[in-house]
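Take a look at the protein chain below. Turn it around slowly, then read on.

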Amino acid sequence: MAKEKKAPAKKTTKSSAKKTQKKPLEDPLNKLIIDTILDKKGQNISLMDLRDVSGPTDYFIICEADNITLTKAIADYISKEVKEKLGIYPNHIEGKEQAKWVLVDYFTTVVHIFHKEVRKFYEIEQLWSDANTVEFNQL
């Protein structure tokens, strides 16, 4: 079940209006990553669309885990599933040693897997609060 939060509306003129962009969940990579996180019991999943806010990538997918073992397991499972089902390898994986914040970089989508306390400390969603965000809650 997804709940979308929209950033405040910005005025556009004909010259600055962009062509219609595909929705974040229409991207097979994003959908597979979110499904994979849900399969591994990742919590508080957010998909942030950074295309209109000059972000470092098109999308951030952010989630958290209760312990470091689960943080590593989610990162490993994402890499495995994306490679097997889409044939895409991550550009870079960072933070698996300490596993308090693991980053899996797929160029257009960057996945942040946090340990709960670390996510609260960094508040990464606040840094990109202008982005449109879709939140996923487990039932």
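The paragraphs below go from confidence to the cores, and then to the aromatic rings.

Start with how far to trust the picture. This is a predicted model. Its protein chain has an average pLDDT of 86. At least 70 is the score of 84% of the residues. One stretch falls well outside that group: residues 8-18 have a pLDDT below 50. Beyond near neighbours in sequence, this stretch makes 4 contacts in the model.

Now go inside. In soluble globular proteins, nonpolar side chains tend to be buried together. Here, the largest nonpolar core has 24 residues. Which of them have the most contacts inside this core? They are I33, I37, I74, I78 and I113. Many parts of the chain contribute. Helices α1 (28-39) and α2 (68-86) each supply at least two residues of the core. So much for the helices; the strands β2 (43-49), β3 (59-65), β5, β6 (109-115) and β7 (132-136) each supply at least two as well.

Pick out I78 for a closer look. Set aside its neighbours within four places in sequence. I78 is then in contact with I33, T36, I37, Y106, V111 and I113. A second core exists too, separate from the largest one. This second core has 10 residues, among them V53, V110, I124 and A131.

Next come the rings. The structure holds 4 aromatic pairs. One of them joins W101 and Y122. Their ring centres are 4.9 Å apart, and the planes meet at 50°, so the pair counts as tilted, between the cut-offs of 30 and 60 degrees. How many residues separate the two along the chain? They are 21 residues apart, and the pair links distant parts of the chain. W101 belongs to strand β5 (residues 101-105), while Y122 belongs to helix α3 (residues 116-122).

Are these two rings buried or exposed? W101 is partly exposed, because its relative accessible area is 29%. Y122 is partly exposed as well, at 43% relative accessibility.

Y122 has another partner. F121 and Y122 form an edge-to-face pair, with 5.0 Å from centre to centre and 90° between the planes. F121 counts as exposed because its relative accessibility is 65%. Together, W101, F114, F121 and Y122 make one aromatic cluster.

One last ring has a charged neighbour. K40 lies over the face of Y77, 4.9 Å from the ring centre.

Note on methods:
Residues are numbered from 1 along each chain as its sequence is written. This is a predicted model: local features need pLDDT of at least 70, side-chain atom pairs count only at pLDDT 80 or more; totals for chains, interfaces and linings use all residues. Side-chain values use heavy atoms; hydrogens and water are left out. Rings of Phe, Tyr and Trp (its six-membered ring) pair if their centres lie within 6.5 Å; planes under 30 degrees apart count as stacked, over 60 as edge-to-face and the rest as tilted. Helices (H or I, at least four residues) and strands (E, at least two) are DSSP runs, numbered from the N terminus. Buried means under 20% relative accessible area, exposed over 50%, partly exposed in between (1.4 Å probe, protein chains only). A charge sits over a ring if NZ of Lys or CZ of Arg is within 6 Å of the ring centre and within 35 degrees of the ring normal. pLDDT is the predictor's confidence in each residue, from 0 to 100. Contact means heavy atoms within 4.5 Å. A nonpolar core is a set of buried Ala, Val, Leu, Ile, Met, Phe, Trp, Tyr and Cys residues joined through side-chain atoms within 4.5 Å.
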